[in-house]
Amino acid sequence: MSEVHINHVYKRFGDVTAVDDLSLLFKAGEFVSVLGPSGCGKTTLLRMLAGLETPSAGEISIGDKVVNDLPPGSRDIAMVFQTYALYPHMTVRGNIEYPLKKRRTPKAERAVKVKDAAELLQLEELLDRKPRQLSGGQQQRVALGRALVRDPAVFLLDEPLSNLDAKLRAHMRAELIQLHERIGKTMVYVTHDQLEAMTMSHRIAVLRFGVLQQFASPDEVYRKPANEFVAGFIGTPSMNFIAGEIDNSDGKLTFCGGGVALSVQAGLLPDGLIADGDKFLVKMGFRPEDIFIGDQGDDALVSVVEPTGHEVIVLIDLNGNEVVARVNPDVRLKAGDKVKLRFRPDKLHFFGTKEGIRLNV
Ligand SMILES: Nc1ncnc2c1ncn2[C@@H]1O[C@H](COP(=O)(O)OP(=O)(O)OP(=O)(O)O)[C@@H](O)[C@H]1O
Ligand SMILES: [Mg+2]
C-alpha cells in the first residue's frame, strides 16, 4: 500500500500537451478514478505512473520514492490494460503465473499465489482453460489475477471494463469494489465512464485537455462541480444550462434568462459577489431531477417523452430553451402537453461566463 504523488507533471508529444501541469496526491489504499473525455490524457498519465512513458517535466513518487528514472519493473506497480492481452496459448493458470515465473519465484510459492488469486477472483474452476474458452468477464478476471499475484503497492487500471457488455460491466464494478475492500491496495482507475467513476471511487480526478478540473469525492463533484465542464460531464442526463444574468436590487438577487425570472435563495451565492444595483452575466445550471412539472411555475411545452421503465426522461421547451427533466413514470405526459415548471431553489448552480467557474458558496 503506497501513496502516489504527482507533482507538476507535464507530458508533451510534439505540440500536443497531453498532461498539463498536473498535481495530485493519491492516499495509500485509496481507490481513485481518473475521469475525462477521450483524448484528455488519462492513458498518458497512467503510462507515466507505470514507467512506460517519461514525463516531459515534473516528478512522480510512489511510496516515498521518486520513480521518474525507475523502469516499470522496479516501481512496485501492476497495470491492467483495456485490452487484457492474455497469452492465448497458455491456460488461465499459466497466464496468472507468468509474471511470477518471469521473476523466478519458486514453484511452490507460485502455486500458493495462483491459488489465492484464483480463489479471490473465483477462477478456481477455470484454471486449466485457455482464454478463448472464457467469457469476456472471466478473461478480465484473469487479467486482474495476473496483476494480483505480483502483489504490487499500486494497481493501475486503464478502462478495464470497456470491452464488456453493460450487465457484465455492472457485475465487474461490484467485484472490483469488493476486491479493493479485501486487499486495500491503492488503485488508480482510468475511465471515461462517469458511472464507473461515481460508483467505485473514493475520489475522482476529472481531466480535460490534460488539465485537472476537480479532484474530490463523487458526492462533491456531483453536488458542487467546480466548473461548467464538470457539471455537464458528471450526471446522466446532463445538467441543464440557461444563460442569463443575475441582478442585485437592494440585496435581493434575481436570475433572469430563458424567459424566466427566479429569485436566488439567500446564501446560495457569496455575499458581495454582485454590488447593489449591478448585473452579472452567468450560466444557471440545474439537474434533470431538480425541476418539477406541476400546476405551478413557468409555462413550458413537452417535446419528447422517453420512458425508461423506472423513470421518464422528458424534453421540454422552455421559451425556446431545451430542458431535460427526470420524472416519475406515474406522471402521464405526452409530446405537445402544456405544462408548468418549477425549479428547486436550493439546487441551482451558477457559473461565470468566462471560464465557467462555479460561483455558488
Ligand atoms: N505516443 C503519442 N504520440 C503523440 N501523441 C500522443 C501519443 N500518445 C497520446 N497522444 C496524444 O495525447 C493526448 C492524450 O491521449 P491519451 O491516450 O492519454 O488520452 P485518453 O484520455 O486515454 O483517451 P481515451 O479515452 O480515448 O483512451 C491525445 O491528444 C493523443 O492524441
Ligand atoms: Mg486511454
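1. Let's start where the two domains meet. In this predicted model, one salt bridge is found across the interface of domain 1 and domain 2. There are also three residue pairs in polar contact across that interface, with both partners at pLDDT 80 or more. On the domain 1 side, α7 (218-223) and α8 (228-233) each contribute at least two residues to the surface that touches domain 2. Sorted by class, that side of domain 1 holds four nonpolar, two polar and two charged residues.

2. A salt bridge worth a look is the one that joins Glu-228 to Lys-283, where the closest N and O atoms are 2.9 Å apart. Domain 1 spans 4-233 and domain 2 spans 240-352, so it is handy to keep both ranges in view while you inspect the pair. The contact draws eight residues from domain 1 and seven residues from domain 2.

3. How much area do domain 1 and domain 2 bury between them? The figure is about 690 Å², and 49% of it lies on carbon and sulfur atoms. Within domain 1, the residues that lose the most area to domain 2 are Tyr-222, Glu-228 and Ala-231, which together make up 71% of what that side buries. For the overall layout, the centres of domain 1 and domain 2, taken over C-alpha atoms, are separated by 39 Å.

4. Next, please have a look at ligand 1. Its surroundings include a run of residues you can follow along the chain: Pro-37, Ser-38, Gly-39, Cys-40, Gly-41, Lys-42, Thr-43 and Thr-44. Phe-13, Val-16, Ala-18 and Glu-159 are also among the residues around ligand 1.

5. Which polar atoms face the oxygens of this ligand? For Ser-38, an N or O atom of the side chain is 2.5 Å from an oxygen atom of ligand 1. The side chain of Lys-42 likewise places an N or O atom 2.8 Å from an oxygen atom of ligand 1. With Cys-40 it is a polar backbone atom that is 3.1 Å from an oxygen atom of the ligand.

6. Across the whole structure, the search finds 16 salt bridges. One of the pairs is Glu-30 with Arg-203, whose closest N and O atoms are 2.5 Å apart. This pair links distant parts of the chain, 173 residues apart: Glu-30 is in the loop between β2 (16-26) and β3 (31-35), while Arg-203 belongs to strand β9 (residues 203-208).

7. Two backbone details would be good to check by eye. The peptide bond from Thr-236 to Pro-237 is cis, with omega near -15°, and Pro-237 is in the loop between α8 and β11 (240-249). The other detail concerns Phe-209, which has a positive phi of about 50° although it is not a glycine. You will find Phe-209 in the loop between β9 and β10 (211-216).

Methods:
Residues numbered from 1 in each chain as written. Chains lettered and ligands numbered in written order. Predicted model: local features only at pLDDT ≥ 70, side-chain atom pairs only at ≥ 80, totals over all residues. Heavy atoms only, no water. Domains from an automatic or database assignment. Contact = heavy atoms within 4.5 Å. Buried area = accessible area lost by both parts, 1.4 Å probe. Salt bridge = Lys/Arg side-chain N within 4 Å of Asp/Glu carboxyl O. Polar contact = N/O pair within 3.5 Å; in protein donor to acceptor, adjacent residues only side chain to side chain. Helix = DSSP H or I, 4+ residues; strand = E, 2+ residues; numbered from the N terminus. Nonpolar A, V, L, I, M, F, W, Y, C, P; charged D, E, K, R; others polar. Near = heavy atom within 4 Å.
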